Amino acid sequence: MDIRAVSGYALSSPIDPPQDRRFAGGTRRLNKRDVVLVVVETGDGARGFSTAGASSSAMREYFEGDSQGTFADVVDGAVAGALEGETLEAIEDAAAILSRTDLPTHLRTEAISAIDVALYDLRGKELGAPIYDLLADEYGTDPTTEMPLYASAGMYMEPEGYVRQAEVLEREGFFGYKYRPGIGPAGDRETVDHLVDAVDEMEIMLDVHTWWKADDSYDAAVVRDLVEHASAAGAYWIEEPVEPADREGYADLAETGAALAGGESEPSPESLRELGETGSVDFLQGDVRHHEGYTGCRPAIEYCRGRDVEFVPHNFGTWLGLIANAHLVAAAPDVRLLEYPVFTDDPLIEAEPDPGMYPFDLAFDILEGAPAVEDGTLTAPDGPGLGIEVTLDVLETYPFVDGPWTEFRYDDDRR
Ligand SMILES: [Mg+2]
């Protein structure tokens with residue numbers, strides 16, 4: 001592949017008016033969602049696409065001052081400078097070239113991730129094959145193009161709010177309902193109890209995304225108690241109950257026998273695999289956007305193959321990212337489940353009340369048409385590459401808005 005141009009476009013999907021969410025210890029404001037669309041063009045005019053997401057941990061982005069606007073500049077600058085004019089034999093060659101740049105590690109990793117996915121899109125288009133076929137060749141698998149989705153919604157609300165969402169999403173046929181607790185230990189306990197009463201077949205997952213450290217009411221003993229409580233109630237998994245880097249904390253909680261999940265916040269493919277190797281997580285959540293694309297997720301997936309830790313891609317963002325992950329799920333061995341983030345006014349969900357977390361219209365508008373979802377099951381597109389059309393109108397209709405996408409105000413000014 002002769003790389004002619006590499007471009008990054010920072011886009012913002014406003015949440016207007018901004019939403020304030022109260023959690024134990026503070027308030028979180030949601031202003032917008034940002035996406036960087038990455039486009040790689042080859043000498044013959046073909047284009048490959050991917051999205052770079054915010055670092056999966058909102059807190060990291062907020063506290064370290066990174067923004068999606070600056071990442072688009074990195075793509076247009078150092079990444080384009082390194083790759084334009086290069087002829088790549090293998091997709092991995094791009095990672096080798098980018099690893100020789102002097103970009104800070106986290107930006108280099110994010111760049112390699114986005115470029116890897118866009119190059120798979122291009123390779124598939126060149127060969128006239130969907131990405132899942134290319135990946136299935138690499139893994140020696142037969143692709144399974146239909147996959148169950150679990151709905152990812154629910155963000156700090158009263159227990160009844162979570163229940164209303166779960167009831168709608170169960171009727172829509174989703175495999176599971178994942179929600180964000182953090183309203184205080186008593187409310188979190190009550191929420192689990194209400195949810196398990198309300199649902200029939202659907203699984204319940206908790207995505208704590210480390211919020212159980214944001215308030216003094218969650219000390220280690222309380223967190224352990226909440227994990228045990230949720231597990232006893234039948235929670236399918238409990239995600240990031242402690243800080244991602246706290247391997248000891250994970251190991252301690254794993255001793256309770258609860259099914260734990262984590263991985264999205266791991267900074268590299270190596271640390272992702274290492275988290276799997278600890279034996280503390282039952283579900284390992286790599287992300288093509290954060291762990292160096294399809295290529296970077298492979299060592300973790302190969303580790304999980306045949307073991308009792310299941311790789312479940314972390315997927316949070318646009319439908320373009322959803323489809324990128326769907327190709328991985330279709331081809332990768334022992335990988336079967338995909339995360340479906342539910343935003344307000346989702347064209348695929350007609351049910352009332354609207355179970356969306358907040359508005360993120362760009363998530364849908366970035367694609368022509370909609371993914372094939374029926375009764376909670378997604379069918380990966382079988383066209384060449386990603387098999388989707390990107391709507392380039394979004395470059396005009398979703399201009400980048402400066403400032404952080406989310407802000408935290410702590411009751412006692414702690415971080
Ligand atoms: Mg998460």
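Select Val36 first. Apart from neighbours within four places in sequence, Val36 is in contact with Gly8, Tyr9, Ala10, Thr51, Ala52, Gln68, Phe71, Ala72 and Val75. Bear in mind throughout the tour that the model is predicted.

Next, extend the selection to the nonpolar core. Val36, Ile115 and Ile238 have the most contacts inside the largest nonpolar core, which numbers 127 residues. To see which helix gives the most to this core, select residues 319–331: this is α12, with 10 residues. The core draws on both domains, taking at least three residues from each of domain 1 and domain 2.

Now colour the model by domain. Domain 1 consists of two segments, 3–128 and 394–410, while domain 2 covers 134–379. A distance drawn between the C-alpha centres of domain 1 and domain 2 comes to 22 Å. Where the domains are in contact, 35 residues belong to domain 1 and 40 residues to domain 2.

Keep the domain 1 side of this contact on display. The elements that each supply at least two residues to the side touching domain 2 are β1 (3–23), β2 (26–42), β3 (47–52), α3 (92–98) and α4 (105–127). Of these, α4 gives the most, with 10 residues. Colouring this side of domain 1 by residue class shows 16 nonpolar, 13 polar and six charged residues.

Move next to domain 2 and select residues 203–207, which form strand β6; Asp207 is found in this strand. Is Asp207 buried or exposed? Asp207 has 26 other C-beta atoms within 10 Å, and it is buried because the cut-off is 20 or more. With neighbours within four places in sequence left aside, the contacts of Asp207 are Lys178, Tyr179, Arg180, Glu239 and Glu240. Add Pro241 to the selection as well: its C-alpha atom is separated from that of Asp207 by 7.7 Å, although the two residues are 34 apart along the chain.

Finally, return to the full view. A cartoon representation displays 14 helices and 14 strands. The radius of gyration is 20 Å, close to the 22 Å that the globule rule gives for 415 residues, so the protein is as compact as a globular protein of that length. Along the principal axes, the C-alpha atoms fill a box of roughly 60 × 45 × 40 Å. Colouring by burial marks 52% of the 415 residues as buried. Among contacts with a separation of 6 or more, 72% are between residues 24 or more positions apart.

Definitions and conventions:
Residues numbered from 1 in each chain as written. Predicted model: local features only at pLDDT ≥ 70, side-chain atom pairs only at ≥ 80, totals over all residues. Domains from an automatic or database assignment. Contact = placed C-beta atoms within 7 Å. Helix = DSSP H or I, 4+ residues; strand = E, 2+ residues; numbered from the N terminus. Nonpolar A, V, L, I, M, F, W, Y, C, P; charged D, E, K, R; others polar. Rg over C-alpha atoms; globule rule 2.2 N^0.38 Å. Buried ≥ 20, exposed ≤ 12 C-beta atoms within 10 Å, placed from the backbone. Core = buried A, V, L, I, M, F, W, Y, C linked by C-beta atoms within 7 Å.
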